[in-house]
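I opened my notebook on a new model today and wrote down each thing I looked up, in order. Here are the entries.

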Amino acid sequence: MSFVFCINIVLGNVSLRYIPVSFMQTIKSFTPATTVILQWLVWRKYFEWRIWASLVPIVGGIMLTSVTELSFNTFGFCAAMVGCLATSTKTILAESLLHGYKFDSINTVYYMAPFATMILSIPAIVLEGSGVVSWLYTYDSVPPALAIIITSGVLAFCLNFSIFYVIHSTTAVTFNVAGNLKVAVAVLVSWMIFRNPISAMNAIGCAITLVGCTFYGYVRHLISQQATAAPGPGTPRSRMEMLPLTGEKQGDKI
């Protein structure tokens with residue numbers, strides 16, 4: 001899980017070198033679809049037809065946004081898409097830990113962070129060590145920059161803690177849908193700060209993606225309402241998608 005987390009961070013930073021923040025965040029909206037596909041292909045988790053139908057506007061919006069993106073870059077697009085797969089894998093594994101193995105959000109961060117640090121430290125020293133040393137000697141105002149870096153680390157901890165808390169309270173897919181509010185804000189703020197060009201069709205594609213994610217959340221809510229009763233041996237297939245990955249029964253939760 002730490003390795004997948006590192007891949008997600010690296011690919012996110014790489015994609016931002018080639019595509020604007022607004023486009024990268026729109027691609028990130030594809031994460032609910034990749035989460036469902038991975039759970040179906042790898043973990044053999046069943047999803048009923050309403051879930052698959054709700055993914056159509058998400059995929060269509062992403063395709064429209066990509067085709068009409070004025071700052072489109074193939075390498076940046078591919079990095080962001082692989083990052084979506086890494087994000088989905090991380091949230092699925094987190095759901096397995098938090099639901100199946102009784103982890104809580106702070107323990108998950110506690111055990112994951114040291115491994116992620118070790119994984120990133122060696123390539124960071126090899127690839128960027130000399131650049132950091134020269135930066136320390138040549139940059140005029142190092143303390144403010146270090147303060148920004150430390151603040152970023154604190155915010156990253158708060159982000160990961162909140163992510164695992166939400167996954168612990170809900171599911172991996174629900175978390176990804178809820179995160180699309182952040183996408184809408186990021187797209188708007190990115191345009192306000194960087195003024196990257198956004199065509200009318202591009203904006204429509206982004207809007208379709210966000211509406212599709214909202215519709216997906218509504219479908220998940222309807223299904224969860226139908227599955228409020230504890231599942232028994234005769235659980236219908238329409239309720240199987242609500243079961244945790246490790247087979248823990250809903251009644252065992254506290």
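I began with the bookkeeping: a helix here is a DSSP run of H or I with at least four residues, and helices are numbered from the N terminus. By that count Val 67 is found in helix α5. I should also say at once that this is a predicted model.

**Entry: overall fold**

I tallied the secondary structure and got 11 helices and zero strands for the protein chain. Read along the sequence, the pattern is simply α-α-α-α-α-α-α-α-α-α-α. I then looked up burial, and 38% of the 254 residues in the protein chain are buried. The chain exposes about 14100 Å², with carbon and sulfur atoms supplying 72% of that area. For contacts between residues at least 6 apart in sequence, I noted that 82% join residues at least 24 apart.

**Entry: the cores**

Which residues have the most contacts inside the largest nonpolar core? I found Ile 19, Ile 27, Val 36, Ile 51, Leu 55 and Tyr 216, in a core of 19 residues. Helices α2 (21-28), α3 (31-41), α5 (56-68), α6 (74-100) and α11 (200-226) each supply at least two residues of this core. The largest share, four residues, comes from α11.

I picked Ile 27 for a closer look. Leaving out residues up to four places away in sequence, Ile 27 touches Ile 19, Ile 62, Phe 77, Ala 80, Met 81 and Cys 84. I also logged a second, separate core of 10 residues, which includes Val 109, Ala 116, Ile 163 and Phe 164.

**Entry: Val 67**

Back to Val 67 in helix α5. Is this residue buried or exposed? Val 67 counts as exposed because its relative accessible area is 70%, and the cut-off for exposed is over 50%. I checked a distance too: the C-alpha atoms of Val 67 and Asn 202 are separated by 8.1 Å, although these residues are 135 residues apart along the chain.

**Entry: Glu 48 and the salt bridge**

How many salt bridges are there? My count came to one salt bridge. Glu 48 forms it with Arg 50, and the closest N and O atoms are 2.4 Å apart. Glu 48 is found in the loop between α3 and α4 (49-54). Glu 48 counts as buried because its relative accessibility is 6%, with buried meaning under 20%. The C-alpha atoms of Glu 48 and Ile 223 are separated by 9.4 Å, and the two residues are 175 residues apart along the chain.

**Entry: the surface patch**

Next I went looking for nonpolar side chains on the outside. Val 185, Leu 188, Val 189, Trp 191, Met 192, Ile 193, Phe 194 and Ile 198 form a nonpolar patch on the surface, with about 770 Å² of accessible area together. I singled out Trp 191, which lies in helix α10 (residues 180-194). Trp 191 is partly exposed because its relative accessible area is 36%, and partly exposed covers values between 20% and 50%.

**Entry: what the record says**

I finished with the UniProt record. Its unreviewed entry lists residues 109-126, 146-166, 173-194 and 200-219 under "transmembrane region". I checked two of these spans against the model. Residues 109-126 are 100% helix and 0% strand, and the end C-alpha atoms are 26 Å apart. Residues 200-219 are also 100% helix and 0% strand, with the end C-alpha atoms 28 Å apart.

Definitions and conventions:
Residues are numbered from 1 along each chain as its sequence is written. This is a predicted model: local features need pLDDT of at least 70, side-chain atom pairs count only at pLDDT 80 or more; totals for chains, interfaces and linings use all residues. Side-chain values use heavy atoms; hydrogens and water are left out. Patches are made of residues with over 30% relative accessible area and no salt bridge: like charges are joined within 9 Å, nonpolar side chains (Val, Leu, Ile, Met, Phe, Trp, Tyr) within 5 Å. Accessible areas come from the Shrake-Rupley method with a 1.4 Å probe; for residues, only the protein chains shown count as cover. A salt bridge is a side-chain nitrogen of Lys or Arg within 4 Å of a carboxyl oxygen of Asp or Glu. Buried means under 20% relative accessible area, exposed over 50%, partly exposed in between (1.4 Å probe, protein chains only). UniProt positions are given in the numbering used here, feature names are shortened, and annotations may be inferred rather than shown by experiment. A nonpolar core is a set of buried Ala, Val, Leu, Ile, Met, Phe, Trp, Tyr and Cys residues joined through side-chain atoms within 4.5 Å. Contact means heavy atoms within 4.5 Å.
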